[in-house]
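User: Could you walk me through this model before I start looking at it in detail?

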Amino acid sequence: MNQQRLQRVLAGMKAAGLEQILVTATTSLYYLTGYWVEPHERMIALWLCADGKAVLFGNEIFGLSSTRELPFVAHKDGDDPVAALAAAVRPGKLGIDKFWYSKFLIGLMEHRPDVRPVLGSQPVDENRQYKDEAERQAMRHASAMNDQVMAAAIAGLKAGVRENELAALVNREYLARGADCEGTQLVCFGPNGADPHHSGDGTVLKPGDSVIFDIFTPISRYWCDMTRTVFYKTVSQKQRQVYELVRRANEAAEAAIRPGVPLGKLDEIARKVITEGGYGHCFTHRLGHGCGIDCHEPPDVSGVSQAVCQPGMVFSIEPGIYLPGEFGVRIEDLVMVTEDGCEVLNKYPKDLQVIE
Ligand SMILES: [Mn+2]
């Protein structure tokens, strides 16, 4: 167990009025225990009590064993996976991880009608927002790698290339630099870029296309996530105007980041630039999201976010403009809030580029 993180989570439980919680998400378990378990359909749950009692329940196939500070209670395939857990938990309110399968929760409720499940991810999620020193180094390292991979991806633009070939190139470049795994990379040519979540398909590059690279992967468990938009062979007046608006929105939001600034204010600052430029209705998503052991995690960077910038927070700033049937532009950096401002983790330039 990471004792510092555990103590902060226990304090968060007390603040939230939660005497006991179940932590079950792979990434949250890793954050607290250092164990990386992908249970798929099987059951794993860390039971944490505000008095510091902690017990891990899970299938024996995960290969875990008890330690002095963390007992492990195993079940086998074919057993009722929640029986031992149901026998242990205390009556009353029990905080449940937002990502626990309903089949386990309903099983637990059938065993224990005296237990009242409530949403219980908040103490862990809240703490995961504030990266400690080791995590800050991991985030910097991942984004430095991403700057290199972005350069390689843009260098891969050439006549006849397809989106999915570039997505494969991005994954190869990641793996060569020690990334944990491959992922679905968003490579979007021309009109495909108007869909914010288009992923690379067989579309062939054409002169005049905008090209969006939204590329992300974990390295040593911590994610990078960056987007750049470039133009192939030529750029129209309209493309240039839209690009400069998005770039100004990105830079205006980043310039405003310092401890104490509400994240909703950052969304407002970026949106104002794009709205005043006449494209407010084409910026269809929130400004950004927290990033860490999950690519998308708290805090939310949107107009309804209640979060406030605090040192150690890492999140994306990714305004975009999407013109269906024409093209899209998005520019995204990961940023880290520091004691007196912000560190932009991505250094790849944002000047408009026309690739010959
Ligand atoms: Mn992102």
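Analyst: What follows takes the metal site, the domain interface and a few single residues in turn. This is a predicted model, in which local features need pLDDT of at least 70 and side-chain atom pairs count only at pLDDT 80 or more, while totals for chains, interfaces and linings use all residues. Residues are numbered from 1 along each chain as its sequence is written, and side-chain values use heavy atoms, with hydrogens and water left out.

User: Which residues coordinate the manganese ion, and at what distances?

Analyst: The manganese ion is held by Asp225 (OD), His289 (NE2), Glu318 (OE) and Glu332 (OE), at 2.1 to 2.4 Å. Donors are N, O and S atoms within 2.8 Å of the metal (3.2 Å for Na, K and Ca), and since water is not among the atoms, sites may look incomplete.

User: How are those donor residues spaced in sequence?

Analyst: Their spacing is D-x63-H-x28-E-x13-E. Asp225 belongs to strand 9 (residues 222-232) and Glu318 to the loop between strand 12 (314-317) and strand 13 (320-323), so this pair ties together parts that are 93 residues apart in sequence. Helices (H or I, at least four residues) and strands (E, at least two) are DSSP runs, numbered from the N terminus.

User: Are Asp225 and Glu318 buried or exposed?

Analyst: Both are buried, where buried means under 20% relative accessible area, exposed over 50%, and partly exposed in between (1.4 Å probe, protein chains only).

User: What does Asp214 touch?

Analyst: Leaving aside neighbours within four places in sequence, Asp214 is in contact (heavy atoms within 4.5 Å) with several residues, including Asp225, Glu318 and Glu332. Asp214 lies in strand 8 (residues 210-219) and counts as buried at 6% relative accessibility. Its side chain makes polar contacts with the side chains of Thr227, at 3.1 Å, and Arg330, at 3.0 Å. A polar contact is a pair of N or O atoms within 3.5 Å; within protein, one must be able to donate a hydrogen and the other to accept it, and residues adjacent in sequence count only if both atoms are side-chain atoms.

User: Switching topic, how is the chain divided into domains?

Analyst: Domain 1 covers 3-128 and domain 2 covers 133-355, with bounds that come from an automatic or database domain assignment. Their centres, taken over C-alpha atoms, are separated by 35 Å, and the contact takes 7 residues from each of domain 1 and domain 2.

User: How much area is buried there, and which three residues of domain 1 supply the most?

Analyst: About 770 Å² is buried between the domains, with carbon and sulfur atoms giving 51%. Tyr30, Trp36 and Arg128 supply 55% of the area that domain 1 buries against domain 2, more than any other three residues. Buried area is the accessible area (1.4 Å probe) that two parts lose on being put together, summed over both.

User: How many salt bridges are there between the domains?

Analyst: The count is 3, a salt bridge being a side-chain nitrogen of Lys or Arg within 4 Å of a carboxyl oxygen of Asp or Glu. Arg128 and Glu297 also meet through their side chains in a salt bridge, at 2.8 Å from N to O.

User: Any backbone oddities worth a look?

Analyst: Pro298 and Pro299 are joined by a cis peptide bond, with omega about 5°, and Pro299 is found in strand 11 (residues 297-301). Ser220, in the loop between strand 8 and strand 9, has a positive phi near 50° although it is not glycine.
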